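Here are my notes on this model, set out point by point. Have the viewer open as you go through them.

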Amino acid sequence: MNLEPGWRREGKAKFYIDNAFYYPQSEIGRDLAILAAAVYKHNRGQLRVLDAMTGCGVRPLRYQLEAGADWVWANEGNPELQAVLAKNLTLGMQPHSYRITHQDANQVFFSCYQQRDYYDLVDIDSFGSPAPYLSTGLWATKIGGLLYLTNTDGRTTGGRNPDKSLQVYGAYARSHPAVHEQAMRLLIGSALQQAATKGMQVQPVFSLFNGQVHRVMVQLMVGCSWTSELYGFLGYCHTCGHYQSVSWRQLGRVVCPGSHLDSRSCSLSLSGPLWLGALHDVERLKQMETLAHAWGWIKRAKLLQIMQAEADMPPYFFKLGEIGHRGKMDVPQRDRLIQALRYRGYRATRTHLDCQAIKTDANMANCIEIAMQC
Ligand SMILES: C[S@@+](CC[C@H](N)C(=O)[O-])C[C@H]1O[C@@H](n2cnc3c(N)ncnc32)[C@H](O)[C@@H]1O
Ligand SMILES: [Zn+2]
(Lines give C-alpha, C1' and ligand atoms only; values in the text may rest on other atoms or scores of the structure.)
(Ligands and ions follow the chains in the order given, each with its own letter.)
Protein backbone atom coordinates (compact mmCIF):
# COMPACT_ATOMS: atom_id res chain seq x y z
CA MET A 1 0.00 0.00 0.00
CA ASN A 2 1.38 3.44 -0.97
CA LEU A 3 1.79 6.00 1.78
CA GLU A 4 1.31 9.73 1.44
CA PRO A 5 4.63 11.63 1.40
CA GLY A 6 6.24 11.96 4.83
CA TRP A 7 4.45 8.95 6.34
CA ARG A 8 6.26 5.83 7.38
CA ARG A 9 4.88 2.39 8.18
CA GLU A 10 6.16 -0.26 10.59
CA GLY A 11 4.00 -3.21 11.62
CA LYS A 12 0.44 -1.83 11.88
CA ALA A 13 1.69 1.64 12.81
CA LYS A 14 1.63 4.59 10.44
CA PHE A 15 3.49 7.67 11.60
CA TYR A 16 5.51 10.77 10.79
CA ILE A 17 9.14 10.99 11.89
CA ASP A 18 9.85 14.69 11.30
CA ASN A 19 12.81 15.60 13.50
CA ALA A 20 12.47 12.62 15.87
CA PHE A 21 15.12 9.95 16.30
CA TYR A 22 13.85 6.83 14.52
CA TYR A 23 16.21 3.98 13.73
CA PRO A 24 14.77 1.50 11.16
CA GLN A 25 17.33 -1.18 12.19
CA SER A 26 15.75 -1.25 15.66
CA GLU A 27 12.56 -2.72 14.17
CA ILE A 28 13.66 -6.20 15.21
CA GLY A 29 13.86 -5.11 18.87
CA ARG A 30 10.44 -3.46 18.54
CA ASP A 31 8.99 -6.62 16.93
CA LEU A 32 10.21 -8.88 19.74
CA ALA A 33 8.89 -6.46 22.36
CA ILE A 34 5.48 -6.43 20.64
CA LEU A 35 5.41 -10.24 20.62
CA ALA A 36 6.40 -10.40 24.31
CA ALA A 37 3.81 -7.75 25.17
CA ALA A 38 1.08 -9.58 23.23
CA VAL A 39 1.93 -12.84 25.03
CA TYR A 40 1.84 -10.95 28.34
CA LYS A 41 -1.57 -9.49 27.51
CA HIS A 42 -2.85 -12.92 26.51
CA ASN A 43 -1.55 -14.51 29.74
CA ARG A 44 -2.55 -11.72 32.14
CA GLY A 45 -5.51 -10.06 30.47
CA GLN A 46 -4.17 -6.51 30.71
CA LEU A 47 -1.30 -4.44 29.39
CA ARG A 48 -0.34 -0.96 30.56
CA VAL A 49 2.84 0.30 28.95
CA LEU A 50 5.22 3.09 29.93
CA ASP A 51 7.36 4.06 26.94
CA ALA A 52 9.87 6.29 28.70
CA MET A 53 11.81 7.56 25.65
CA THR A 54 9.31 7.39 22.86
CA GLY A 55 10.75 9.58 20.06
CA CYS A 56 8.08 9.85 17.35
CA GLY A 57 5.79 7.39 19.16
CA VAL A 58 6.20 4.31 16.99
CA ARG A 59 6.21 2.05 20.05
CA PRO A 60 2.98 3.33 21.69
CA LEU A 61 1.23 2.87 18.35
CA ARG A 62 2.54 -0.65 17.94
CA TYR A 63 1.96 -1.67 21.58
CA GLN A 64 -1.69 -0.71 21.18
CA LEU A 65 -2.41 -1.73 17.58
CA GLU A 66 -0.54 -5.04 17.67
CA ALA A 67 -0.14 -6.11 21.31
CA GLY A 68 -3.52 -4.78 22.48
CA ALA A 69 -2.21 -2.34 25.10
CA ASP A 70 -5.05 -0.91 27.18
CA TRP A 71 -3.12 2.19 28.18
CA VAL A 72 0.20 3.72 27.11
CA TRP A 73 2.15 6.51 28.75
CA ALA A 74 4.33 7.99 25.99
CA ASN A 75 7.10 10.12 27.47
CA GLU A 76 9.70 11.97 25.44
CA GLY A 77 12.29 14.20 27.08
CA ASN A 78 12.59 16.51 24.10
CA PRO A 79 9.60 18.92 24.09
CA GLU A 80 10.35 19.83 20.46
CA LEU A 81 8.85 16.47 19.49
CA GLN A 82 5.52 17.43 21.05
CA ALA A 83 3.78 18.22 17.73
CA VAL A 84 4.83 15.09 15.83
CA LEU A 85 4.12 12.84 18.79
CA ALA A 86 0.68 14.32 19.39
CA LYS A 87 -0.16 14.08 15.69
CA ASN A 88 0.92 10.42 15.45
CA LEU A 89 -0.89 9.25 18.57
CA THR A 90 -4.05 11.26 17.90
CA LEU A 91 -4.36 9.73 14.43
CA GLY A 92 -3.34 6.18 15.35
CA MET A 93 -4.55 5.45 18.88
CA GLN A 94 -7.89 5.10 20.58
CA PRO A 95 -8.95 8.31 22.34
CA HIS A 96 -8.38 8.36 26.12
CA SER A 97 -6.02 5.37 25.92
CA TYR A 98 -2.73 7.20 26.22
CA ARG A 99 -0.93 10.08 27.83
CA ILE A 100 1.91 12.20 26.43
CA THR A 101 4.46 13.94 28.65
CA HIS A 102 7.81 15.64 28.11
CA GLN A 103 9.76 14.92 31.27
CA ASP A 104 13.03 13.34 32.19
CA ALA A 105 12.48 9.57 32.31
CA ASN A 106 13.64 9.37 35.92
CA GLN A 107 11.08 11.98 36.93
CA VAL A 108 8.40 9.81 35.32
CA PHE A 109 9.59 6.67 37.12
CA PHE A 110 9.60 8.41 40.49
CA SER A 111 6.14 9.85 39.96
CA CYS A 112 4.85 6.35 39.06
CA TYR A 113 6.28 5.06 42.32
CA GLN A 114 4.88 7.94 44.30
CA GLN A 115 1.40 7.49 42.78
CA ARG A 116 1.64 3.65 43.07
CA ASP A 117 1.01 3.60 39.33
CA TYR A 118 3.04 0.56 38.24
CA TYR A 119 3.32 -0.62 34.64
CA ASP A 120 3.15 -4.05 33.01
CA LEU A 121 5.88 -3.04 30.57
CA VAL A 122 8.45 -0.28 30.97
CA ASP A 123 10.39 0.33 27.75
CA ILE A 124 13.61 2.35 28.13
CA ASP A 125 15.09 3.02 24.70
CA SER A 126 18.03 5.08 25.94
CA PHE A 127 21.27 6.13 24.32
CA GLY A 128 24.53 4.77 25.74
CA SER A 129 24.29 2.68 28.88
CA PRO A 130 20.90 2.12 30.57
CA ALA A 131 22.52 2.41 34.01
CA PRO A 132 21.10 5.90 34.87
CA TYR A 133 17.57 4.52 34.38
CA LEU A 134 17.95 0.93 35.49
CA SER A 135 17.27 1.00 39.20
CA THR A 136 14.74 3.83 38.78
CA GLY A 137 12.93 1.98 35.95
CA LEU A 138 12.34 -0.84 38.44
CA TRP A 139 10.43 1.61 40.65
CA ALA A 140 7.81 2.01 37.88
CA THR A 141 7.54 -1.68 36.98
CA LYS A 142 4.74 -3.81 38.34
CA ILE A 143 5.75 -7.00 40.16
CA GLY A 144 5.49 -9.64 37.46
CA GLY A 145 5.88 -6.88 34.85
CA LEU A 146 8.51 -6.46 32.15
CA LEU A 147 11.42 -4.03 31.98
CA TYR A 148 13.02 -3.55 28.56
CA LEU A 149 16.57 -2.14 28.65
CA THR A 150 18.88 -0.84 25.91
CA ASN A 151 22.64 -0.51 25.58
CA THR A 152 24.23 1.29 22.66
CA ASP A 153 27.64 1.69 24.29
CA GLY A 154 29.34 -1.41 22.93
CA ARG A 155 32.74 0.14 23.59
CA THR A 156 32.27 -0.07 27.35
CA THR A 157 30.57 -3.48 27.45
CA GLY A 158 33.13 -4.75 24.92
CA GLY A 159 36.04 -4.25 27.29
CA ARG A 160 37.50 -1.15 25.64
CA ASN A 161 36.91 0.95 28.75
CA PRO A 162 36.80 -1.34 31.82
CA ASP A 163 36.94 1.56 34.26
CA LYS A 164 33.77 3.03 32.77
CA SER A 165 32.11 -0.39 32.88
CA LEU A 166 33.00 -0.57 36.58
CA GLN A 167 31.40 2.85 37.08
CA VAL A 168 28.15 2.07 35.28
CA TYR A 169 27.65 -1.67 35.85
CA GLY A 170 29.80 -2.28 38.94
CA ALA A 171 31.52 -4.89 36.76
CA TYR A 172 34.88 -5.00 35.06
CA ALA A 173 34.37 -5.81 31.35
CA ARG A 174 37.35 -7.17 29.43
CA SER A 175 37.75 -7.69 25.71
CA HIS A 176 37.33 -11.11 24.02
CA PRO A 177 35.55 -12.46 20.92
CA ALA A 178 32.15 -12.97 22.63
CA VAL A 179 31.69 -9.41 23.92
CA HIS A 180 28.24 -8.94 22.40
CA GLU A 181 26.92 -11.69 24.63
CA GLN A 182 28.85 -10.15 27.51
CA ALA A 183 26.97 -6.86 27.00
CA MET A 184 23.61 -8.53 27.50
CA ARG A 185 24.92 -10.46 30.50
CA LEU A 186 26.20 -7.25 32.07
CA LEU A 187 22.75 -5.68 31.65
CA ILE A 188 20.90 -8.67 33.13
CA GLY A 189 23.44 -8.96 35.96
CA SER A 190 23.09 -5.29 36.78
CA ALA A 191 19.27 -5.48 36.73
CA LEU A 192 19.42 -8.58 38.94
CA GLN A 193 21.71 -6.90 41.46
CA GLN A 194 19.64 -3.69 41.51
CA ALA A 195 16.40 -5.67 41.99
CA ALA A 196 18.04 -7.66 44.79
CA THR A 197 18.75 -4.44 46.71
CA LYS A 198 14.96 -4.01 46.87
CA GLY A 199 14.38 -7.63 47.93
CA MET A 200 13.26 -8.61 44.43
CA GLN A 201 14.71 -10.49 41.51
CA VAL A 202 14.58 -10.43 37.72
CA GLN A 203 14.56 -13.20 35.14
CA PRO A 204 15.47 -12.68 31.50
CA VAL A 205 12.60 -12.94 29.04
CA PHE A 206 14.84 -12.45 26.02
CA SER A 207 18.18 -10.88 25.12
CA LEU A 208 18.80 -9.44 21.67
CA PHE A 209 21.78 -8.14 19.74
CA ASN A 210 20.71 -6.67 16.40
CA GLY A 211 24.23 -6.07 15.12
CA GLN A 212 24.54 -2.70 16.83
CA VAL A 213 22.31 -2.40 19.87
CA HIS A 214 21.92 -4.72 22.85
CA ARG A 215 18.43 -5.12 24.29
CA VAL A 216 17.35 -7.15 27.27
CA MET A 217 13.81 -7.72 28.54
CA VAL A 218 13.55 -8.95 32.11
CA GLN A 219 10.58 -9.85 34.28
CA LEU A 220 10.45 -8.44 37.79
CA MET A 221 9.65 -11.04 40.41
CA VAL A 222 8.91 -10.78 44.07
CA GLY A 223 11.36 -12.35 46.55
CA CYS A 224 15.08 -12.66 46.35
CA SER A 225 16.38 -16.18 45.84
CA TRP A 226 19.90 -15.02 45.18
CA THR A 227 22.14 -17.64 43.59
CA SER A 228 25.68 -16.40 43.27
CA GLU A 229 26.51 -19.22 40.80
CA LEU A 230 24.35 -17.33 38.28
CA TYR A 231 26.07 -14.00 38.96
CA GLY A 232 29.81 -14.50 38.55
CA PHE A 233 32.69 -14.07 36.17
CA LEU A 234 33.67 -15.08 32.66
CA GLY A 235 37.27 -16.05 32.03
CA TYR A 236 38.89 -15.95 28.60
CA CYS A 237 42.43 -17.03 27.79
CA HIS A 238 43.88 -14.94 24.99
CA THR A 239 46.58 -17.58 24.48
CA CYS A 240 44.33 -20.66 24.05
CA GLY A 241 40.90 -19.14 23.30
CA HIS A 242 39.52 -21.10 26.27
CA TYR A 243 36.44 -19.75 28.09
CA GLN A 244 35.33 -20.66 31.61
CA SER A 245 32.66 -19.53 34.05
CA VAL A 246 34.23 -18.52 37.33
CA SER A 247 32.42 -18.36 40.67
CA TRP A 248 33.19 -15.85 43.42
CA ARG A 249 34.75 -18.64 45.49
CA GLN A 250 37.16 -19.51 42.69
CA LEU A 251 38.46 -15.94 42.42
CA GLY A 252 42.18 -15.78 43.13
CA ARG A 253 42.87 -19.35 42.07
CA VAL A 254 41.64 -19.36 38.48
CA VAL A 255 44.00 -20.80 35.91
CA CYS A 256 43.56 -21.67 32.28
CA PRO A 257 43.74 -25.46 31.80
CA GLY A 258 45.98 -24.77 28.79
CA SER A 259 48.71 -23.44 31.10
CA HIS A 260 49.52 -27.03 32.11
CA LEU A 261 50.13 -27.99 28.49
CA ASP A 262 53.51 -27.31 26.89
CA SER A 263 54.36 -25.01 29.84
CA ARG A 264 52.34 -22.32 28.11
CA SER A 265 52.19 -18.91 29.76
CA CYS A 266 48.47 -18.28 29.45
CA SER A 267 47.02 -14.79 29.39
CA LEU A 268 43.73 -15.09 31.26
CA SER A 269 41.36 -12.16 31.71
CA LEU A 270 38.23 -12.08 33.85
CA SER A 271 35.06 -10.07 33.17
CA GLY A 272 32.32 -9.54 35.70
CA PRO A 273 30.35 -9.93 37.76
CA LEU A 274 27.72 -10.65 35.13
CA TRP A 275 24.72 -12.94 34.60
CA LEU A 276 25.77 -16.54 33.89
CA GLY A 277 22.30 -18.11 33.66
CA ALA A 278 19.98 -18.61 30.68
CA LEU A 279 19.88 -15.76 28.13
CA HIS A 280 16.17 -16.21 27.43
CA ASP A 281 13.02 -17.79 28.90
CA VAL A 282 12.40 -20.71 26.54
CA GLU A 283 8.73 -21.14 27.40
CA ARG A 284 8.05 -17.45 26.69
CA LEU A 285 10.00 -17.66 23.43
CA LYS A 286 7.87 -20.63 22.37
CA GLN A 287 4.71 -18.58 22.91
CA MET A 288 6.25 -15.67 21.02
CA GLU A 289 7.23 -18.00 18.18
CA THR A 290 3.69 -19.40 17.94
CA LEU A 291 2.36 -15.86 17.70
CA ALA A 292 5.00 -14.88 15.14
CA HIS A 293 3.86 -17.80 12.95
CA ALA A 294 0.22 -16.82 13.38
CA TRP A 295 1.04 -13.26 12.29
CA GLY A 296 3.12 -14.47 9.32
CA TRP A 297 6.35 -13.08 10.83
CA ILE A 298 8.45 -15.93 9.47
CA LYS A 299 11.85 -14.25 9.89
CA ARG A 300 11.08 -13.44 13.52
CA ALA A 301 9.84 -17.01 14.12
CA LYS A 302 13.16 -18.35 12.79
CA LEU A 303 15.09 -15.96 15.02
CA LEU A 304 13.06 -17.11 18.02
CA GLN A 305 13.90 -20.74 17.22
CA ILE A 306 17.63 -19.97 17.25
CA MET A 307 17.19 -18.06 20.51
CA GLN A 308 15.42 -21.04 22.12
CA ALA A 309 18.23 -23.36 21.13
CA GLU A 310 20.96 -21.06 22.49
CA ALA A 311 19.09 -20.09 25.69
CA ASP A 312 20.82 -22.36 28.20
CA MET A 313 24.14 -22.85 26.45
CA PRO A 314 27.40 -21.73 28.16
CA PRO A 315 27.75 -17.92 28.51
CA TYR A 316 29.95 -17.35 25.45
CA PHE A 317 30.33 -18.38 21.81
CA PHE A 318 33.14 -19.35 19.48
CA LYS A 319 33.66 -17.48 16.25
CA LEU A 320 34.34 -19.82 13.33
CA GLY A 321 37.14 -17.51 12.17
CA GLU A 322 38.90 -17.87 15.52
CA ILE A 323 38.63 -21.68 15.36
CA GLY A 324 40.10 -21.62 11.86
CA HIS A 325 42.85 -19.17 12.81
CA ARG A 326 43.89 -21.05 15.96
CA GLY A 327 43.75 -24.40 14.15
CA LYS A 328 45.70 -22.96 11.18
CA MET A 329 43.04 -24.21 8.78
CA ASP A 330 40.22 -22.86 6.64
CA VAL A 331 37.26 -21.42 8.50
CA PRO A 332 35.05 -24.44 9.32
CA GLN A 333 31.56 -24.62 7.86
CA ARG A 334 29.13 -23.77 10.67
CA ASP A 335 26.40 -26.40 10.32
CA ARG A 336 28.88 -29.18 9.53
CA LEU A 337 30.87 -28.34 12.68
CA ILE A 338 27.69 -28.27 14.78
CA GLN A 339 26.74 -31.74 13.48
CA ALA A 340 30.24 -33.10 14.11
CA LEU A 341 30.27 -31.73 17.67
CA ARG A 342 26.86 -33.29 18.36
CA TYR A 343 28.05 -36.58 16.91
CA ARG A 344 30.90 -36.49 19.43
CA GLY A 345 28.42 -35.98 22.29
CA TYR A 346 28.70 -32.23 22.76
CA ARG A 347 25.85 -29.76 22.77
CA ALA A 348 26.18 -27.32 19.88
CA THR A 349 23.90 -24.70 18.32
CA ARG A 350 23.87 -21.63 16.17
CA THR A 351 23.63 -18.26 17.92
CA HIS A 352 21.57 -15.21 16.97
CA LEU A 353 24.52 -13.08 18.10
CA ASP A 354 26.75 -13.94 15.16
CA CYS A 355 25.90 -16.03 12.10
CA GLN A 356 29.61 -16.90 11.84
CA ALA A 357 29.81 -18.40 15.34
CA ILE A 358 28.57 -21.38 17.34
CA LYS A 359 27.64 -22.08 20.92
CA THR A 360 28.80 -25.35 22.40
CA ASP A 361 29.86 -26.97 25.65
CA ALA A 362 32.99 -28.25 23.91
CA ASN A 363 36.08 -26.14 24.54
CA MET A 364 38.24 -24.41 21.94
CA ALA A 365 40.74 -27.32 21.78
CA ASN A 366 37.84 -29.76 21.12
CA CYS A 367 36.39 -27.44 18.49
CA ILE A 368 39.73 -27.23 16.66
CA GLU A 369 40.28 -30.98 16.80
CA ILE A 370 36.76 -31.76 15.54
CA ALA A 371 36.83 -29.01 12.90
CA MET A 372 40.05 -30.51 11.50
CA GLN A 373 38.22 -33.77 10.87
CA CYS A 374 35.02 -32.40 9.32
C1 LIG B 1 16.65 6.02 20.84
S2 LIG B 1 15.57 7.41 20.82
C3 LIG B 1 13.99 6.71 20.95
C4 LIG B 1 13.51 6.03 19.74
C5 LIG B 1 12.15 5.43 19.84
N6 LIG B 1 11.93 4.73 21.12
C7 LIG B 1 11.94 4.48 18.68
O8 LIG B 1 11.82 3.26 18.88
O9 LIG B 1 11.93 4.97 17.53
C10 LIG B 1 15.77 8.03 22.43
C11 LIG B 1 14.81 9.16 22.76
O12 LIG B 1 14.90 9.42 24.15
C13 LIG B 1 14.88 10.80 24.37
N14 LIG B 1 15.58 10.97 25.65
C15 LIG B 1 16.91 10.96 25.89
N16 LIG B 1 17.17 11.06 27.20
C17 LIG B 1 15.96 11.12 27.82
C18 LIG B 1 15.58 11.22 29.20
N19 LIG B 1 16.48 11.27 30.18
N20 LIG B 1 14.27 11.24 29.48
C21 LIG B 1 13.32 11.19 28.48
N22 LIG B 1 13.65 11.09 27.16
C23 LIG B 1 14.94 11.07 26.85
C24 LIG B 1 15.56 11.42 23.19
O25 LIG B 1 15.10 12.74 22.96
C26 LIG B 1 15.15 10.47 22.05
O27 LIG B 1 14.02 10.92 21.38
ZN1 LIG C 1 45.29 -20.69 28.10
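**Notes on the predicted model**

1. Start at R350, which sits opposite I358 of strand 15. This is a predicted model, so please read everything below as computed from the prediction. The pair belongs to the contact between strand 14 and strand 15 (residues 357–360), which run antiparallel and share 3 bridges.

2. Zoom out one step and you get the whole sheet: 3 strands, open, ordered 13-15-14, with antiparallel pairing. Strand 13 (318–319) and strand 14 (348–350) are the edge strands; each has a single partner, so one side of each has no neighbour in the sheet. Helix 12 (residues 334–343) lies across strand 14 and strand 15, and its direction makes an angle of about 160° with strand 14.

3. Just ahead of that helix is a backbone oddity worth a look. K328 has a positive phi of about 50° although it is not a glycine. You will find K328 in the loop that links helix 11 (320–326) to helix 12. Is K328 buried or exposed? It counts as exposed, because it has 8 C-beta neighbours inside 10 Å and the cut-off for exposed is 12 or fewer.

4. Now the domain layout. The protein is split into domain 1 (7–230 + 277–309) and domain 2 (317–374). Their C-alpha centres are 32 Å apart. Where they meet, domain 1 puts in 9 residues and domain 2 puts in 7 residues. On the domain 1 side, the elements giving two or more residues are helix 8 and helix 10 (298–310). Which of them gives the most? That is helix 10, with 4 residues. Sorted by class, this side of domain 1 has 7 nonpolar, 1 polar and 1 charged residues.

5. Helix 8 deserves its own point. It covers residues 179–197, 19 residues in all, and spans 27 Å from first C-alpha to last, close to the 27 Å expected at 1.5 Å a residue. Helix 8 is also mostly covered, with 16 of its 19 residues buried. After helix 8 comes G199, where phi is positive, near 75°.

6. For a probe inside helix 8, I'd pick S190, which lies in that helix. Why call S190 buried? There are 27 other C-beta atoms within 10 Å of it, and 20 or more is what makes a residue buried, so S190 qualifies. Leaving aside residues up to four places away in sequence, S190 touches A131, L134, Y169 and G170. Take L134 from that list: it is 56 residues from S190 in sequence, yet their C-alpha atoms are 8.2 Å apart in space.

7. At the start of domain 1 there is a hairpin. Strand 1 (residues 7–10) and strand 2 run antiparallel and are joined by 4 bridges. One of the pairings is W7 with Y16, the latter in strand 2. The hairpin leaves 2 residues between its strands, and G11 has a positive phi near 55° there. Strand 2 (residues 13–16) is two-faced: A13 and F15 are on the covered face, K14 and Y16 on the uncovered one.

8. Follow the chain on from strand 2 and there is another positive phi outside glycine: D18, at about 50°. D18 sits in the loop between strand 2 and helix 1 (27–44). It counts as partly exposed, because 15 C-beta neighbours fall inside 10 Å.

9. The next stretch is better covered by its surroundings, judging by the burial counts. Strand 3 (residues 48–51) pairs with strand 4 in the parallel sense, over 4 bridges. Within that pairing, V49 has V72 of strand 4 as its bridge partner. Strand 4 (residues 71–75) is mostly covered, with 4 of its 5 residues buried. Helix 2 (residues 58–65) has 7 of its 8 residues buried, so the rest of the structure largely encloses it. The buried ones are V58, R59, P60, L61, R62, Y63 and Q64.

10. Last item, for anyone setting up restraints or checking omegas: the peptide bond from G272 to P273 is cis, with omega near 5°. P273 falls in strand 12 (residues 268–275).

Terms used:
Residues numbered from 1 in each chain as written. Chains lettered and ligands numbered in written order. Predicted model: local features only at pLDDT ≥ 70, side-chain atom pairs only at ≥ 80, totals over all residues. Expected span 1.5 Å × (residues − 1). Domains from an automatic or database assignment. Contact = placed C-beta atoms within 7 Å. Nonpolar A, V, L, I, M, F, W, Y, C, P; charged D, E, K, R; others polar. Pairing = 2+ DSSP bridges. Axes fitted to C-alpha atoms, helices over the stretch in contact; angles between N-to-C directions.
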